[in-house]
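User: Please take me through this model by way of its labels. For each one, I should like to see how the value stands against the definition.

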Amino acid sequence: MTTTVPLAAIILAGGASRRMGRDKATLTYEGTTLVERMVSILGPRCTPVLVIAAPGQALPPLDAEVLRDEVRGVGPLLATGRGLRAAAEAGAELAFVAAVDMPLLTVDLLDELAAPAVRLGADVVLPWDGRDHYLAGVYRTALAGRVAELVAAGERSMRALVERVDTQRIVMPEQPALTNVNTAADLAAIRSAQIA
């Protein structure tokens, strides 16, 4: 019998969504918004569930704690740090950090990443399918301080963090759960695949 590794969830919902042309968090998929869908996927598996939103961003009522970025438009690193700090304060040692635009995400993916995080003692465990998925990985909440240092030094990308800590990659070829919805065409393709 395997033990489920305790995880917090950090959903990054405050991105600029430039390629989509509108807020991705409130796009609908199968009758619900993407942010509601992410909370419903992660909520049964993770405690706490933290949604990091932009200042003034309108969101539907959520069964999660909503935290606001202090500044708009500075990238995911600052928002990740905010979430890691809050997760650590809630007593979590590990957190799954996810983009809001992953409607096919499954908890099986979380468990495939969480077990190596514990076994290897890594700071970050990312899925790899030919590229890193920074916003679908397990991060130690103790990295909040490192994130703050990087942001203070002018860094904005997740790569800046991942390259400076013990990061392990788990090869996961052809994993639908990692699908991001960056454009209207991406969303249409996922919808049509679900119908087929």
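Analyst: Helices (H or I, at least four residues) and strands (E, at least two) are DSSP runs, numbered from the N terminus. The model is predicted: local features need pLDDT of at least 70, side-chain atom pairs count only at pLDDT 80 or more, and totals for chains, interfaces and linings use all residues. Residues are numbered from 1 along each chain as its sequence is written, and side-chain values use heavy atoms, with hydrogens and water left out. On these terms the protein chain has 6 helices and 9 strands.

User: Between which strands is Glu-30 found, and why is Glu-30 called buried or exposed?

Analyst: Glu-30 occupies the loop between strand S2 (28–29) and strand S3 (32–33). A residue is buried under 20% relative accessible area, exposed over 50% and partly exposed in between (1.4 Å probe, protein chains only). The relative accessible area of Glu-30 is 53%, so Glu-30 is exposed. Its phi is near 50 degrees, a positive value in a residue other than glycine.

User: What is the peptide bond from Thr-47 to Pro-48 called?

Analyst: That bond is cis, with omega near -10 degrees. Pro-48 belongs to the loop between H1 and S4. Most residues other than glycine have a negative phi, and most peptide bonds are trans.

User: What makes S1 and S4 a pair of strands?

Analyst: Two strands pair if DSSP finds at least two bridges between them. Strand S1 (residues 8–12) and strand S4 (residues 49–53) are joined by 4 bridges and run parallel, so they satisfy the definition. Leu-12 is placed opposite Ile-52 in S4. Both strands belong to an open sheet of 7 strands with mixed pairing, in the order S5-S4-S1-S6-S8-S7-S9.

User: Which strands of that sheet are called edge strands?

Analyst: Strand S5 (65–68) and strand S9 (167–171) are the edges, since each pairs on one side only. From one strand to the next, the twist averages 25 degrees. Such angles run from 0 to 180 degrees between N-to-C directions, the axes being lines fitted to C-alpha atoms, for helices over the stretch in contact.

User: Why is S8 described as largely enclosed?

Analyst: The description follows because 5 of the 5 residues of S8 are buried. Ala-136, Val-138 and Arg-140 point one way from the strand, while Gly-137 and Tyr-139 point the other way. S8 pairs with S6 in the antiparallel sense over 5 bridges, and Val-138 is the bridge partner of Phe-96. S7 is also antiparallel to S8, with 2 bridges; here Val-138 is the partner of Val-125.

User: Which strands does helix H3 lie across?

Analyst: Helix H3 (residues 107–120) lies across S6, strand S7 (124–128), S8 and S9, at about 30 degrees to S8. Helix H2 (residues 76–89) lies across S1, S4, S5, strand S6 (94–99) and strand S8 (136–140), at about 155 degrees to S1.

User: What makes a group of residues a nonpolar core, and which members of the largest one touch the most others?

Analyst: A nonpolar core is a set of buried Ala, Val, Leu, Ile, Met, Phe, Trp, Tyr and Cys residues joined through side-chain atoms within 4.5 Å. The largest has 34 residues, and Leu-7, Ile-11, Met-38, Leu-42, Phe-96, Leu-105 and Leu-109 touch the most other members. S1, helix H1 (34–42), S4, S6, H3 and S8 each supply at least two of its residues. A second, separate core of 27 residues includes Leu-12, Leu-67, Val-97 and Met-158. In soluble globular proteins, nonpolar side chains tend to be buried together.

User: Which residues are in contact with Ile-11?

Analyst: Contact means heavy atoms within 4.5 Å. Beyond neighbours within four places in sequence, the partners of Ile-11 include Met-38, Leu-42, Ile-52 and Ala-98.

User: Why is His-133 called buried or exposed, and what joins its side chain to that of Asp-129?

Analyst: His-133 has a relative accessible area of 5%, so it is buried. Its place is in the loop between S7 and S8. The two side chains form a polar contact of 2.9 Å. This meets the definition, which asks for a pair of N or O atoms within 3.5 Å; within protein, one must be able to donate a hydrogen and the other to accept it, and residues adjacent in sequence count only if both atoms are side-chain atoms.
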